[in-house]
Amino acid sequence: MKQVSAFAPATIANFNVGYDVLGVSLNNIGDEVKLIINDTKVNKIIEIKNGETLPKAIEKNCCSVVIYEMQKAQNSFVGVDIIIVKGFASGSGLGSSSASSAAAAYAYNALIGKPYSTKELVHFAALGEKVACGTAHIDNVSPSLLGGIILATGTNIDKIIELPVIDNLYAVTLFPNIKINTSDSRKILKDNVSLDVYRQQIGFMGSFVSSLYENNLKRFSESLKDLLIEPMRSLLIPKFNEMRVAAEEVGALTFGISGSGPSVFAICEGEQRASNILKALEETYKDTGISIEKYCNKISENS
Ligand code: HSE
């Protein structure tokens, strides 16, 4: 095989209850990475479509870093030309660097005859995340590679858990076009938590997981609450509370910050409610003067 392309989707990391360990895949938006063997031992980024400001230097770009790490692990340096097609905005909080890293890992694995399982690729994709955002958190790369809802507490494959998905759930996401870097958005977080908040928050995580296994939408909705991170990060997102009220009025089961923001998300049952939520969020945002991008995706089972 001389060339391979792979697509990897955008993701909602944290999902309110799982800071750095939980993520949800958004199927129909994402990035594509195309690799072409170039008959040298050197990787080269040929083009980044829709991402002209992203680095092309191979030691700085998440895709080439992922590929180089895979080459080192295999001790085999088949040089590739890399074409990256960005399908959504970087800096959105929808896992842009992760989608590129995941697509690069998946494509390179296919090019060299699939020595790794998809779960094993999480380790390599996380190294792309590290170069792009400063930390190798895996709550975006794991659902981007595996689809569905993933609880991942480490890169060892035993620590990557594919959770069941309740049928007919939709994710509505709105990206307000303001700049929030993941590294800055991590720095503002306090690292001490009161015992009372800790008690409530681990209760929410446990009941969320059980709601998926028991197909219990009421418990799903009641447990998807973020007492830890949202109070600090929501201050950076104009009209965050107004958007929550507007989304909940028309049927959102939960509302929160996607990853480190600035995108927000709402989850609901059924496509009609999703479309109503999208309209309500747009309406709330229209007098801010901030441009938005918006998406609506069905949450699907793991791929
Ligand atoms: N879990 C990470 C964070 C996701 O919240 O900082 C970054 O997209």
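This report walks through a few helices and strands of the model above and how they pack.

The model is predicted, so to set the ground rules: local features need pLDDT of at least 70, side-chain atom pairs count only at pLDDT 80 or more, and totals for chains, interfaces and linings use all residues. Residues are numbered from 1 along each chain as its sequence is written, and side-chain values use heavy atoms, with hydrogens and water left out.

Helices (H or I, at least four residues) and strands (E, at least two) are DSSP runs, numbered from the N terminus. Two strands pair if DSSP finds at least two bridges between them.

**Strand 2 and its partners**

Strand 2 (residues 22–37) has several antiparallel pairings, listed here.

| Partner of strand 2 | Bridges | One bridge pair |
|---|---|---|
| Strand 1 (residues 3–13) | Ten bridges | F7 with E32 |
| Strand 5 (residues 149–152) | three bridges | V24 with I149 |
| Strand 4 (residues 80–85) | six bridges | I36 with D81 |

**Helix 2**

Helix 2 (residues 96–111) has 16 residues and should span 22 Å at 1.5 Å a residue; its end C-alpha atoms sit 23 Å apart, which agrees. That expected span is 1.5 Å times one less than the number of residues. Helix 2 is mostly covered, with 15 of its 16 residues buried (under 20% relative accessible area; exposed is over 50%, partly exposed in between, with a 1.4 Å probe and protein chains only). After helix 2 comes G113, with a positive phi near 90 degrees.

**The four-stranded sheet and its helices**

Four strands make an open antiparallel sheet in the order 8-9-7-10. Strand 8 (254–257) and strand 10 (292–298) are the edges, each pairing on one side only. Neighbouring strands here are turned by 15 degrees against each other on average, direction ignored; axes are lines fitted to C-alpha atoms, for helices over the stretch in contact, and angles run from 0 to 180 degrees between N-to-C directions. Strand 8 is joined to strand 9 (residues 264–269) by four bridges, and F255 has A266 as its bridge partner.

Helix 9 packs on this sheet, touching strand 7 (169–176), strand 8 and strand 9, and its direction makes about 155 degrees with that of strand 8. Helix 10 packs on the sheet too, touching strands 7, 8, 9 and 10, at about 15 degrees to strand 7. Contact means heavy atoms within 4.5 Å.

What about the two helices themselves? The axes of helix 9 (residues 240–249) and helix 10 (residues 271–285) come within 9 Å and cross at roughly 150 degrees. Helix 9 and helix 10 are therefore roughly antiparallel (over 145 degrees; under 35 is roughly parallel, 65 to 115 roughly perpendicular and the rest oblique). On the helix 9 side, E242, M243, A246 and A247 meet I277, A280, L281, T284 and Y285 of helix 10.
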